[in-house]
Amino acid sequence: MFERYKGGEKALLVHVFFPQESDIEDLKEFEALVSSARIDILDIVTTSKKIPSAKYFIGEGKAIEIAALVKENDISVILVNHSLTPTQERNLEKLCECRVVDRTGLILDIFAQRARTHEGKLQVELAQLQYISTRLVRGWTHLERQKGGIGLRGPGETQLETDRRLIRHRIQVILSRLDKVEKQRGQNRQARAKADLSTISLVGYTNAGKSTLFNAITDADVYAADQLFATLDPTLRRIQVDDVGEVVVADTVGFIRHLPHNLIAAFKATLLETKEAALLLHVIDAADPNQLDNIHAVNEVLAEIEADDIPILFVMNKIDLLDDRQPTIDRDEHGVPFRVWLSAQNKVGLDLLLIALKERLAKQIQTCELHVPAYLSRLRSRLYQLKAVQQEIINEDGSFNLYIRLPLVEWNRLCKQEPDLLYLISNHSTT
């Protein structure tokens, strides 16, 4: 068995063009992924095939050519912009005598670098274990395979079974912990539902500017950078929307083409924030020439997590990179906002986004006149705190006539918290 390289400083990229795919953009995206993983690209090898080769994925001639390049340039890792089977990965490693990592493995490596919270690290570890569980045999091919009969059982199979058992046990431990996280998130969502708090979830292609927008509208300090998968761990903040009241905004992990299925499964607890949102803000890089392909990739993931039936408001971000594009709201034939053009980086057009959110989320507004006795001055103070009092008349007996305007969500919440208000509604108010 050859000595396997553990470094990744010198990388050779491999991409195969298939006739049914127009994937030159996919190659550029792969280069961005490699840069995000802090790996230097030494060379890029491309080839064309009708169907993948069963042995090497690429053709045997091209594989030999790559092996020569590896030895000539002392390359430490080959990065393939496709998903390889364990056999294809193992065959390439034997031929080229260096580490081979496919697209899924690279994304997992980036996720491992980005995860910051305990939950995020668990999710990444789960995806990694599920990924390597089918590739364990690569590391033990130099050991004797199992043979029949007592005394002829080779150490290779024993070590494989030990590793597999340890991995299965670790996966069960992680699943148990993530199940607790999912239950906790479920309890939090139930609490928000009882408080009539709507959730807005930011979704979109990776590096579209979701975290920058999240920081701009919530005054948060979430890590944002011009790199793929800068955000892995979900962050929730509350914002105030006129005529709606408080809503919860959730920043989520970005999507990408061919996002590995085991990653989607591992981030199930995180993606539930998206699945159960009242409105999705689909953030799009307006300056990206591949935005239509990116939208399609996001829609595929939304369908996979069963969130494709949730109402969507499109946010065309980064208009500062476009010529003469002003912040605007696009409306459908019914006058309902469906798209907002803005720049989160320059904080231009954020007021239009809040207007669009108000129109998309605003429900019935409660208006009424309340006669509040003097001894209920605390209730009067509470209504003022909520900015619900439009007009006030002080009567000679010290009581108050208050003209109220409040979003129905906040009104219902106030009625639950203030029993005296229900009494006033039924006896002394006109709606």
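## Where two helices meet

A good place to start in this predicted model is the meeting of two helices: Thr104, Gly105, Leu108, Phe111 and Ala112 in α4 touch Val124, Ala127, Gln128 and Tyr131 in α5. Sorted by class, this contact has six nonpolar residues, three polar ones and no charged ones.

How are the two helices placed? Two packed helices are described by the angle between their axes and the distance between the axes. Here, α4 covers residues 103-114 and α5 covers residues 118-132. Their angle is about 155 degrees, and their axes lie 10 Å apart. An angle over 145 degrees counts as roughly antiparallel, so α4 and α5 are roughly antiparallel to each other. The crossing of α4 and α5 is left-handed.

## The chain as a whole

Stepping back from this pair, how many helices and strands does the chain have? There are 14 helices and 15 strands. The chain has 431 residues, and 50% of them count as buried.

Contacts can also be sorted by how far apart the partners are in the sequence. Among contacts in the chain with a separation of 6 or more, 69% are between residues 24 or more positions apart.

## A buried threonine in a loop

Next, look for Thr252, which sits in the loop between β7 (245-251) and α8 (261-266). Is Thr252 buried or exposed? With a relative accessible area of 1%, Thr252 is buried.

You can also follow Thr252 to Leu271, which is 19 residues away along the chain. In space, the C-alpha atoms of Thr252 and Leu271 are separated by 7.4 Å.

## Two cysteines without a disulfide

How many disulfides does the structure hold? The count is zero. Cys368 is in no disulfide, and the nearest cysteine sulfur to its own belongs to Cys415, 8.5 Å away. Seen from the other side, Cys415 is likewise in no disulfide, with the sulfur of Cys368 as its nearest cysteine sulfur at 8.5 Å. A disulfide needs the two sulfur atoms to be within 2.5 Å, so this pair does not qualify.

Are these cysteines buried or exposed? The cut-off for buried is under 20% relative accessible area. Cys368 has a relative accessible area of 7%, so Cys368 is buried. Cys415, at 11% relative accessibility, counts as buried too.

How values were computed:
Residues are numbered from 1 along each chain as its sequence is written. This is a predicted model: local features need pLDDT of at least 70, side-chain atom pairs count only at pLDDT 80 or more; totals for chains, interfaces and linings use all residues. Side-chain values use heavy atoms; hydrogens and water are left out. Buried means under 20% relative accessible area, exposed over 50%, partly exposed in between (1.4 Å probe, protein chains only). Axes are lines fitted to C-alpha atoms, for helices over the stretch in contact, and angles run from 0 to 180 degrees between N-to-C directions. Helices (H or I, at least four residues) and strands (E, at least two) are DSSP runs, numbered from the N terminus. Angles under 35 degrees count as roughly parallel, over 145 as roughly antiparallel, 65 to 115 as roughly perpendicular and the rest as oblique. A crossing is left-handed if the near helix is turned anticlockwise from the far one by less than a right angle, and right-handed if clockwise. Contact means heavy atoms within 4.5 Å. Ala, Val, Leu, Ile, Met, Phe, Trp, Tyr, Cys and Pro count as nonpolar, Asp, Glu, Lys and Arg as charged, and the others, Gly among them, as polar.
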